[in-house]
Amino acid sequence: MEPRFVSPTASIAGSGPCGQTLLTPSVTTVAGSGEDLYRDGFGITAALQDPRGLTLLNGRIYFLDAQAATLRRFDPLKGEVVTLAGSPGQFGGDDGTGAAARFVSPRHMTSDGSGRLFIVDTKGAKIRVYDVASGEVNTLAGDGTPGCADGPGASAKVHRPRGIAFDGASIYWGEFNRHTIRQLGLAGDTVSTLAGRHCAGVSVPPCPGGFADGVGTQAQFSGPLDLVWHATSGSFFVFDSGNAVLRRVR
């Protein structure tokens, strides 16, 4: 029998310091048993092992299970959790459809709003794309070897990519250990370094970050962890974690 799901509701809890009414939302668990297991199913009969990146597309919630190396989906109307791509505990960089695809450690994700999910495979040193209609996973950038080489997507190198955003034409992500913001123009299929300075590949451990405002690669970051596109201002806002500041790239 499927569990019954109740939509969150708000109830009056009292008055705030300025006299305004405060509302307290009702919090309910809609998916996951709390066990350190991996299991598809309905509501709390499902198990989420290491949920990470989260995005919404066409009324459904998509998320990544980093430890199991899979892409999963939660349907708020049905309360069902299903695995869409990857096979639990099977690691690699293979493109393919559904369970035939492989990830190493998918951790961040964004959507184009129409039918594609852009997935950051952090330790797999790749940027992947999942087509919701076909169920197919393909590699957009990175050859699977960590590095900092710009160029055509398949031959470019990325290094521990993290947060990712989409502006309608390109995808952008932060490279935490190389202190850069990288860009992939989907029309031209070319990876470039948009902002920040890297340390010429993986042969310089550790790669020190810095702090400097400036233009393009003259700017410096320290561990850019996540970013978001702000269409109104035509800007990216970047959480520069090592410097404990929020930066804007415009």
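Here are three short exercises on strands and turns, each with a worked solution.

The model is predicted: local features need pLDDT of at least 70, side-chain atom pairs count only at pLDDT 80 or more, and totals for chains, interfaces and linings use all residues. Residues are numbered from 1 along each chain as its sequence is written, and side-chain values use heavy atoms, with hydrogens and water left out.

**Exercise 1.** Find out how many residues of strand β15 are buried.

*Solution.* Strands (E, at least two residues) are DSSP runs, numbered from the N terminus. Buried means under 20% relative accessible area, exposed over 50%, and partly exposed in between (1.4 Å probe, protein chains only). Step one: β15 covers residues 170-175, and six of its six residues are buried. Step two: on one side these are Ser170, Tyr172 and Gly174, and on the other Ile171, Trp173 and Glu175.

**Exercise 2.** Work out which residues stand opposite Glu175 in the strands β14 and β16.

*Solution.* Two strands pair if DSSP finds at least two bridges between them. Step one: β14 (residues 161-166) pairs with β15 in the antiparallel sense over four bridges, and Pro161 faces Glu175. Step two: β16 (residues 180-185) also runs antiparallel to β15, joined by six bridges, and here Thr180 is opposite Glu175.

**Exercise 3.** Look for positive phi values in the turns of the two hairpins that β15 forms.

*Solution.* Step one: three residues lie between β14 and β15, and Gly168 has a positive phi near 105°. Step two: four residues lie between β15 and β16, where His179 has a positive phi of about 60°.
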